[in-house]
Amino acid sequence: MNSVDNATAFVPSPSEYILDNFEQTDRIAMLVLNRDFGETIQRITSAQKASSPEFQAWLRYKNANGSDIYIGMNPLLQDASTRTKEDIESIRHVYLDLDHGGPEALESLENSGALPKPNYVLTSSPGKFHVVWKVEGMSLEEAEGLLHAMARELGGDPAATDATRVLRLPGFANKKYQTDFYVEARRESTGIYHLRDFKLHIDSQDSPSHNYDIRAKRESSSRTNLSQSEHDWAFAKRALSRGEDPEDVIQQIAQHRVRDKSDPIYYARHTVMKAQAQLQQAPERRDPSTVPTSPPVSER
């Protein structure tokens, strides 16, 4: 682990935050999401351009008009046009989304002794935090194994365990509330960490995403012409027909779709609710292999 200096913590501007976490030439994903209008805009550009006055002015305009602003936390390949696992150039960050427990959860994390001092703590909304560590030398599989372990053992959001995850960009308003809440980042360390610095038991084979991948591929191997949403709905129907807990099914689908859905929990819950409704309406026709002809609406 690199030595950590004792420089006075500071609250960065959005541009400072971007340039402190990425090289200027890194390709990064910026996501602009307006839930009211159902508008999602993704821009993949260099960190230098994303931090420029012109780009920041555009982000401020979109934020002032109801859009939430997010940033992908790992750089993408130079020719990437999407934000998928295959597009990730390297792992630069791991993170934890503390959406329950308030300041007490954050204090418990900081006192656990299992994790090094985070580089940044973002207050994303009242009593909720994003905790970010800079890392190097991790493979995608190692990073996601660590993300799952942190969420499992430290009470983080299990949906925030994907290497393609976007987090809120500090300095912009969180638009999910009636009153704007401005996201603030506080730097706590300048270290760069390695896998050995995280004292957690990591077993990526137990992750919901891994289990979903294995089961979905096995159960739908003969239906290769389906869309991903149709696969998700069919998966939900089969799991519910077997008597699985709907909440477990929701978490599995959300984990699998976190990289390409702005609100994977909502998407997964909507999918499972639609599957439940169809099964309840026609119990005499419950066929685990049945695939709906049209998938449910994907998200808000």
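The following paragraphs describe a predicted model, from its overall composition to its two sheets and its packed helices.

Local features are reported only at pLDDT of at least 70 and side-chain atom pairs only at pLDDT 80 or more, whereas totals for chains, interfaces and linings use all residues. Residues are numbered from 1 along each chain as its sequence is written, and side-chain values use heavy atoms, with hydrogens and water left out.

The protein contains 9 helices and 10 strands; helices (H or I, at least four residues) and strands (E, at least two) are DSSP runs numbered from the N terminus. Of its 300 residues, 51% count as buried, where buried means under 20% relative accessible area, exposed over 50% and partly exposed in between, with a 1.4 Å probe and protein chains only. Contact is taken as heavy atoms within 4.5 Å. Among contacts between residues at least 6 apart in sequence, 69% join residues at least 24 apart.

One open sheet has 4 strands in the order S2-S1-S3-S7, with antiparallel pairing; two strands pair if DSSP finds at least two bridges between them. S2 and strand S7 (166-168) are the edge strands, each pairing on one side only. From one strand to the next, the twist averages 30°. Strand S1 (residues 27-34) is joined to strand S2 (residues 39-46) by 8 antiparallel bridges, and Ala29 has Ile44 in S2 as its bridge partner. The hairpin of S1 and S2 has 4 residues between the strands, and Gly38 adopts a positive phi near 65° there. S1 also pairs with S3 in the antiparallel sense, over 4 bridges, and Val32 is matched with Ile69 in S3. Helix H3 (residues 53-64) packs on this sheet and touches S1, S2 and S3, its direction making about 165° with that of S2. Such angles run from 0 to 180 degrees between N-to-C directions, and axes are lines fitted to C-alpha atoms, for helices over the stretch in contact.

The loop between strand S3 (68-72) and S4 holds Arg83. Why does Arg83 count as buried? Arg83 is classed in this way because its relative accessibility is 10%. Arg83 lies 11 residues from Gly72 in sequence, and their C-alpha atoms are 8.3 Å apart in space.

Another open sheet has 4 strands in the order S4-S6-S5-S10, and its pairing is antiparallel. S4 and strand S10 (184-187) occupy the edges with a single partner strand each, so one side of each is left without a neighbour in the sheet. The average twist is 20° from one strand to the next.

Is the edge strand S4 mostly covered or uncovered? In strand S4 (residues 93-98), 6 of 6 residues are buried, and the strand is mostly covered. In a regular strand the side chains alternate between the two faces of the sheet. Both faces of S4 are covered: His93, Tyr95 and Asp97 are buried on one side, as are Val94, Leu96 and Leu98 on the other. S4 runs antiparallel to strand S6 (residues 128-134), to which 6 bridges join it, and Leu98 stands opposite Phe129 in S6. Further along the sheet, 4 bridges connect strand S5 (residues 120-125) with S10 in an antiparallel arrangement, with Val121 opposite Arg186 in S10. Helix H4 (residues 102-110) lies across S4, S5, S6 and S10, at about 25° to S6. Helix H5 (residues 140-154) also packs on the sheet, touching S4 and S6, and its direction makes about 25° with that of S4.

The remaining helices considered here are H7, H8 and H9. The axes of helix H7 (residues 228-241) and helix H9 (residues 264-281) are 9 Å apart, and the two pack at an angle of about 55°. H7 is therefore oblique to H9: angles under 35 degrees count as roughly parallel, over 145 as roughly antiparallel, 65 to 115 as roughly perpendicular and the rest as oblique. Their crossing is right-handed, a term that applies if the near helix is turned clockwise from the far one by less than a right angle, with anticlockwise giving left-handed. Residues of H7 including Trp233 and Leu240 meet residues of H9 including Tyr267 and Leu279.

The axes of helix H8 (residues 246-257) and H9 come within 8 Å and cross at roughly 135°, which means that H8 is oblique to H9. H8 passes H9 in a right-handed crossing. The contact involves, among others, Ile250 and Ile253 of H8 and Ile265 and Val272 of H9.
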